[in-house]
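Biologist: I am new to this structure and would like a close look at a single part of it. Could you take me through how the aromatic rings are arranged, and then through what surrounds them?

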Amino acid sequence: MPIFHTLHNRWITWPADRARPGTSQDSFRQITGTEPPATLLLLCFFAWLQQKKRRFRPARTDKNCIFASVVKPSDMRTRLICILILFLIYWPFPLLHGQTGKFYSPDKELSNSLVNQIYQDNKGFIWIATENGLNKFDGNRFTIYRHHPSEEHALKNNYVRTIFEDSRDRFWIGCINGLQRYDRATDQFYNISIARPDGRIDPHITSIVERHNGDLWITTSGQGILSLKNGKTEHDFQVEYELTERIQSIYINVIFEDSAGFLWIATEDKGLFRYSPETDDLQAFTISRNKGYDEVSALCEDEEGNILAGTLTGGCLSSASRTRQVLPRLS
């Protein structure tokens, strides 16, 4: 899955109580070591101090050494005005060049360079799911969560596949061997039990989505599709056996709800499907049979209601409408 697909078309914002890297204030701080208003006051102070030193200075005459005024008050005002104008010109200048970038790597900050997803929670923190740990970025530093066999409420697996926060502030962590819920108050992870008639399962979670009615839908690689109806507890996940059988694949890459309320389901081996939970209508979308086209790894919707599908090796595809038809390649 493309790592930036999970940003949900939102600008990344840091927590409100922290400075935003890359802004004009941050650039000014890096250069001067102070906040912009403090810098202006310092400039004015030094200009005033310079004026005090030069206002009266010894001037030689033929007879005696006297003090004579050599700087007029109007000159002082002119200098202060010039300093203020230069400051106002400089302060917004970094904005013209956009935000500055910074590269994060496993050498110092990240737990791993193989990133599966980047997600921003409702508190402003950035979460990065990698193949060797879960990272939380607060705007200044990273906190890394890893699996520890001796700890009951540690991360279930270092291979974190997906992250999602629902409308009830439940923060879900999908690993390759099960689902967890992260509790902010205790900074702990709790395992979610998912049962089948033939026993408890720990599925490989691939994607999580919340429908407009509050239902949670989860796709897995090897166990088909799971759902949690709105109002149910986290222990009431159920396997969508009938839908999985109709799709004829238990290997699901991603699920996505469009603006019309349809669920789009992308499989590893059977192509793309559109499903309506309200009417139980399922439609298969025919995709070019070229190698790689059937394995859709990312889904989103544009402003005109077209569904964009990203494939692993076949490029990007687009549906011309919500009717059942071949998805042409984007030029």
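**The aromatic rings and their surroundings**

Modeller: Counting ring pairs by their centre-to-centre distance gives 15 aromatic pairs in this model, which is a predicted one. One of these pairs is formed by Trp127 and Tyr182, whose ring centres lie 5.2 Å apart with 65° between the planes, an edge-to-face arrangement. This pair links distant parts of the chain, since Trp127 belongs to strand β4 and Tyr182 to strand β9, with their positions 55 residues apart in sequence. Both Trp127 and Tyr182 are buried. The two residues also belong to one aromatic cluster, which is made up of Tyr119, Trp127, Tyr145, Phe164, Phe171, Tyr182 and Phe189.

Turning to the strand that carries Trp127, β4 is part of an open sheet of four strands, arranged in the order β3-β4-β5-β6 with antiparallel pairing. The edges of this sheet are β3, which spans 115-120, and β6, which spans 142-145, each of them pairing on one side only. From one strand to the next, the twist averages 20°. Between β3 and β4 there are five bridges, again in the antiparallel sense, and Val115 stands opposite Thr130 of β4.

The nonpolar core comes next, and the largest one has 27 residues, with Leu134, Ile163, Trp172, Ile173, Leu179 and Phe237 making the most contacts inside it. Several strands supply at least two residues each to this core, among them β4 (126-130), β7 (160-165), β9 (178-183) and β10 (188-192), while β8 gives the most, with four residues. For a closer view of one core residue, Ile173 touches Leu134, Leu155, Val160, Thr162, Ile163, Gly178, Leu179, Gln180, Tyr182 and Phe189, when residues up to four places away in sequence are not counted. Two of the residues on that list, Tyr182 and Phe189, are also members of the aromatic cluster, and Ile173 is therefore in contact with the cluster, contact being taken as heavy atoms within 4.5 Å.

Aromatic rings in this model also meet charged side chains. The charged end of Lys136 sits over the ring of Phe125, at 5.3 Å from the ring centre, and Arg274 lies over the face of Phe262, where the distance to the ring centre is 4.3 Å.

Terms used:
Residues numbered from 1 in each chain as written. Predicted model: local features only at pLDDT ≥ 70, side-chain atom pairs only at ≥ 80, totals over all residues. Heavy atoms only, no water. Core = buried A, V, L, I, M, F, W, Y, C linked by side-chain atoms within 4.5 Å. Buried < 20%, exposed > 50% of the residue type's maximum accessible area, 1.4 Å probe, protein only. Phe/Tyr/Trp six-rings, centres within 6.5 Å; stacked < 30°, edge-to-face > 60°. Lys NZ or Arg CZ within 6 Å of the ring centre and 35° of its normal. Pairing = 2+ DSSP bridges. Axes fitted to C-alpha atoms, helices over the stretch in contact; angles between N-to-C directions.
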